[in-house]
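Student: I would like a close look at one part of this model. Please start from a single side chain and then work outward through the helix packing.

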Amino acid sequence: MNQIVADELHAYANPAKIPDYMRFFKTGKGDYGEGDLFLGIKVPDTRKVVRKHFTALSMEEIGEFLSSPYHEHRLFALLVLAERYKAKQFAALREDIYSFYIENTARINNWDLVDVTAPHIVGAHLLGRDRGLLYDFARSDDLWQKRIAIISSFAFIDKGEFGDTFAISDILLRDTHDLIHKAVGWAIRNVGNKDTEAMLAYLAPRYKSMPRTMLRYAIEKLDEDMRQRYLKGLV
């Protein structure tokens, strides 16, 4: 691991924040983040170090941060990959960055790690490409691969492409995990931000049977009267 970068990250560590982070990211026994370790670094501070060093690190060094037991180290590595994917000077390496990300999904093991990177690497890379991998992920038994599948589709939504978001949502519609309910609802709402009619057409035959949390997230931006009609099954 690059010690200079590690020292810069650790300079922002605040041990007093660690208990809060452990509760927030559900690290207790049986929880989705069980056993995760924290340094107490705020995300904006992690991003400062990313901006300073994302061009200089080797893929081996990035991999070492991604393999760390510390959450903030993994977040740092993933944000470096996202910055590289966007940067023109790394355009020729985008396939390698995407492949590295996909090969290391076992280390992308909390919702924030997925949410700040999947649209910018996986989604961005699959624009104009075959998206079969996302369907494989959506059908997997892995919580984080399922979340990567739906969150990656945000890149398609931004381009006005809703088909994959709806198809992946259908696969996940009966999932039992709250984090998937929230992610799918969020994705449907993002479609609504672009095209309310498309969102409402998707919800019409499904809203009465979808998980309540998923529905609440999906209809969050509707006016209060319409929201209540959906929640009461009166649409």
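Tutor: Start with His 73, which lies in helix H5. The model is a predicted one. Is His 73 buried or exposed? Its relative accessibility is 3%, so His 73 counts as buried; the cut-off for that class is under 20%. What does the side chain of His 73 make a polar contact with? The partner is the side chain of Ser 68, at 2.7 Å. Leave aside residues up to four places away in sequence, and His 73 touches Met 1, Leu 9, His 10, Leu 39, Phe 65 and Ser 68. Ser 68 thus appears both as a touching residue and as the polar partner.

Now take helix H6, residues 94-103. H5, spanning 71-86, is among the helices that the buried residues of H6 pack against. The others in that list are H4 (59-66), H7 (111-115), H8 (118-126), H9 (132-138) and H10. Which residues of H6 are buried? They are Ile 97, Tyr 98, Phe 100, Tyr 101 and Ile 102.

Look at H6 against H8 in detail. Their axes come within 10 Å and cross at roughly 120°. That angle makes H6 oblique to H8. The crossing of H6 past H8 is left-handed. From H6, the contact uses Arg 94, Glu 95, Ile 97, Tyr 98, Tyr 101 and Ile 102. From H8 come Ala 118, Ile 121, Val 122, His 125 and Leu 126. By class, the residues of this contact are 8 nonpolar, 1 polar and 2 charged. Ile 97, Tyr 98, Tyr 101 and Ile 102 belong to this contact and are also listed as buried in H6.

H10 leads onward. It is one of the helices met by the buried residues of H6, and H10 (residues 143-152) also packs with H12 (residues 163-172). The angle between H10 and H12 is about 155°, and their axes lie 9 Å apart. H10 and H12 are therefore roughly antiparallel, since angles over 145 degrees fall in that class. H10 passes H12 in a left-handed crossing. On the H10 side, Lys 146, Ala 149 and Ile 150 take part. They meet Thr 165, Ile 168, Ser 169 and Leu 172 of H12. The residues of that contact split into 4 nonpolar, 2 polar and 1 charged.

H12 has a further partner, helix H14 (residues 196-203). Here the packing angle is about 25° and the axes are 12 Å apart. That makes H12 roughly parallel to H14. The crossing of H12 past H14 is right-handed. Phe 166, Ser 169 and Asp 170 of H12 make the contact with Ala 198, Met 199 and Tyr 202 of H14. These residues divide into 4 nonpolar, 1 polar and 1 charged. Ser 169 of H12 serves in this contact and also in the one with H10.

One backbone detail remains, at Lys 26. Where does Lys 26 lie? It sits in the loop between helix H2 (18-24) and helix H3 (43-53). Its phi is near 50°, a positive value in a residue other than glycine. Most residues other than glycine have a negative phi. Lys 26 has a relative accessible area of 38%, so it is partly exposed. His 73, by contrast, is buried at 3%.

Technical notes
Residues numbered from 1 in each chain as written. Predicted model: local features only at pLDDT ≥ 70, side-chain atom pairs only at ≥ 80, totals over all residues. Heavy atoms only, no water. Axes fitted to C-alpha atoms, helices over the stretch in contact; angles between N-to-C directions. Helix = DSSP H or I, 4+ residues; strand = E, 2+ residues; numbered from the N terminus. Parallel < 35°, antiparallel > 145°, perpendicular 65-115°, else oblique. Left-handed = near helix turned anticlockwise from the far one by under 90°. Contact = heavy atoms within 4.5 Å. Nonpolar A, V, L, I, M, F, W, Y, C, P; charged D, E, K, R; others polar. Buried < 20%, exposed > 50% of the residue type's maximum accessible area, 1.4 Å probe, protein only. Polar contact = N/O pair within 3.5 Å; in protein donor to acceptor, adjacent residues only side chain to side chain.
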